[in-house]
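This briefing is intended for a reader who is new to the structure shown below. Please consult the sequence and the model alongside the text.

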Amino acid sequence: MTRTILVTGGAGFIGSNFVRMLLEDRPGDRVINLDALTYAGNLENLKGIESNPNYTFVHGDITRDEDVARAFEAGGESGVSHVVHFAAESHVDRSIQSGLPFVNSNVIGTQVLLDQARGRSVEGFVHVSTDEVYGSLGKTGFFTEETPLSPNSPYSASKAGSDMLVRAAHHTHGFPATITRCSNNYGPYQFPEKLIPLMIANAREDKALPVYGDGMQIRDWLYVRDHCEAILAVMEKGQPGEVYNIGGHNEYPNIEIVRSILRHLDKPESLIEYVTDRPGHDRRYAIDAKKIDEQLGWTPRYTFEQALPMTIQWYLDNDEWLQSVRSGAYRDYYAAQYGG
Ligand code: NAD
Ligand code: DAU
């Protein structure tokens with residue numbers, strides 16, 4: 001049976017990789033992409049698939065009831081069978097500057113979406129969350145699905161809030177929702193405000209590489225393709241009401257990543273500039289991903305040693321994309337494509 005999958009935030013980094021993967025790997029599915037095209041939404045991430053008959057783009061905001069209704073109606077008579085919810089404000093540093101947009105999109109937007117989805121009897125709803133809701137780890141230990149939520153930034157607090165709303169929709173209404181909590185992603189089409197693409201872009205231009213604090217904060221890096229495959233596994237095989245942690249088993253301190261990027265690009269370490277630390281900076285994240293492995297048969301396919309060079313090469317091969325984002329020219333692409 002044809003499935004119709006409503007993806008929110010499909011013009012962002014992970015969402016666009018997911019939309020591309022779905023159209024390629026599940027050619028029988030239809031995909032509706034609802035995206036507000038904030039600064040992080042870029043239709044150039046989806047170049048080449050606009051004309052795919054299984055793909056529909058809906059320009060709209062998840063905080064607006066009428067926009068969400070329009071996206072569901074794009075499913076036609078058979079309606080939307082699944083929702084995969086990526087749309088969010090996603091950058092910790094921006095949330096430190098101003099938390100309100102995060103509460104709007106991440107908390108209110110999620111509730112609007114849940115209410116609409118509940119009224120239309122969807123078969124499944126995957127809420128894409130983050131390991132940051134668990135807070136920060138010491139030198140040892142891992143986040144499991146039972147780790148208490150202890151978010152430290154306005155971003156992670158807003159994501160924890162959205163997780164609670166999704167949980168409540170399942171508990172109260174029996175709504176068929178699952179929650180995924182993933183570690184740091186990297187790969188093609190990531191907005192160059194995040195560590196890896198920012199460092200690649202700056203190093204290429206011989207600009208300073210700003211490392212926060214002592215650079216010894218640890219993240220568990222996951223290649224975006226692996227994350228997309230995990231989300232698909234949860235959409236197709238996950239149990240309603242369950243939380244699934246997704247991680248890459250690739251823990252590295254930031255400074256090692258920065259050095260590794262410089263080595264690959266044959267650039268000097270003198271480009272590294274230690275700058276004032278991020279306020280409230282979480283020290284370490286690490287995911288225990290046993291549950292999704294044992295219950296859904298998902299494990300990451302890529303190691304950091306394989307996928308970091310692939311990622312660096314992607315940014316080198318797609319310099320036009322990078323320059324368009326860095327200069328802001330990508331904002332014009334929507335008007336050219338859709339006349340808006
Ligand atoms: P991103 O910032 O690259 O993309 C977010 C997308 O959502 C953009 O296309 C933006 O236009 C859209 N959007 C934002 N607010 C919206 C609104 N109100 N209505 C409609 N669309 C809106 O984010 P990303 O890095 O791709 O992250 C996607 C999801 O995955 C987020 O929910 C994030 O919390 C989660 N996540 C990200 C990572 C990571 O490492 N990037 C890791 C774990 C979880
Ligand atoms: O863990 C999952 C989270 O990973 C997601 O939920 C977030 O949406 C995503 O943005 C990411 O959050 P981080 O804050 O970990 O990612 P970021 O790329 O901003 O930073 C990664 C690490 O690098 C972090 O320790 C801060 C540091 N950093 C970041 C930037 C942008 C620097 O040292 N210098 C920088 O310029």
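The points that follow concern the ligand, a surface patch and selected residues.

This is a predicted model, in which local features need pLDDT of at least 70, side-chain atom pairs count only at pLDDT 80 or more, and totals for chains, interfaces and linings use all residues. Residues are numbered from 1 along each chain as its sequence is written, chains are lettered from A and ligands numbered from 1 in the order in which they are written, and side-chain values use heavy atoms, with hydrogens and water left out.

**Surroundings of ligand 1**

- Around ligand 1 there are 28 residues, of which Ile14, Asp35, Ser90, Tyr155 and Lys159 come nearest; a residue is near a molecule or strand if one of its heavy atoms lies within 4 Å of it.
- This shell divides into 13 nonpolar, 12 polar and 3 charged residues, where Ala, Val, Leu, Ile, Met, Phe, Trp, Tyr, Cys and Pro count as nonpolar, Asp, Glu, Lys and Arg as charged, and the others, Gly among them, as polar.
- At least two shell residues come from each of α1 (13–25), β5 (124–130) and α5 (154–173), and β5 gives the most, with 3 residues.
- Helices (H or I, at least four residues) and strands (E, at least two) are DSSP runs, numbered from the N terminus.

**Polar contacts of ligand 1**

- A polar contact is a pair of N or O atoms within 3.5 Å; within protein, one must be able to donate a hydrogen and the other to accept it, and residues adjacent in sequence count only if both atoms are side-chain atoms.
- The side chain of Lys159 places an N or O atom 2.6 Å from an oxygen atom of ligand 1.
- Of the 830 Å² of accessible area that ligand 1 has on its own, the protein covers 96%; such areas come from the Shrake-Rupley method with a 1.4 Å probe, and for residues only the protein chains shown count as cover.

**Selected residues**

- Ala203 belongs to helix α6 (residues 195–204) and counts as buried because its relative accessibility is 0%; buried means under 20% relative accessible area, exposed over 50%, and partly exposed in between (1.4 Å probe, protein chains only).
- Ala203 and Asp266 are 63 residues apart in sequence and 9.3 Å apart in space, C-alpha to C-alpha.
- Leu37, in the loop between β2 (30–35) and β3 (55–59), has a positive phi of about 55° although it is not a glycine.
- Ser121, in the loop between α4 and β5, has a positive phi near 40° and counts as exposed, at 64% relative accessibility.
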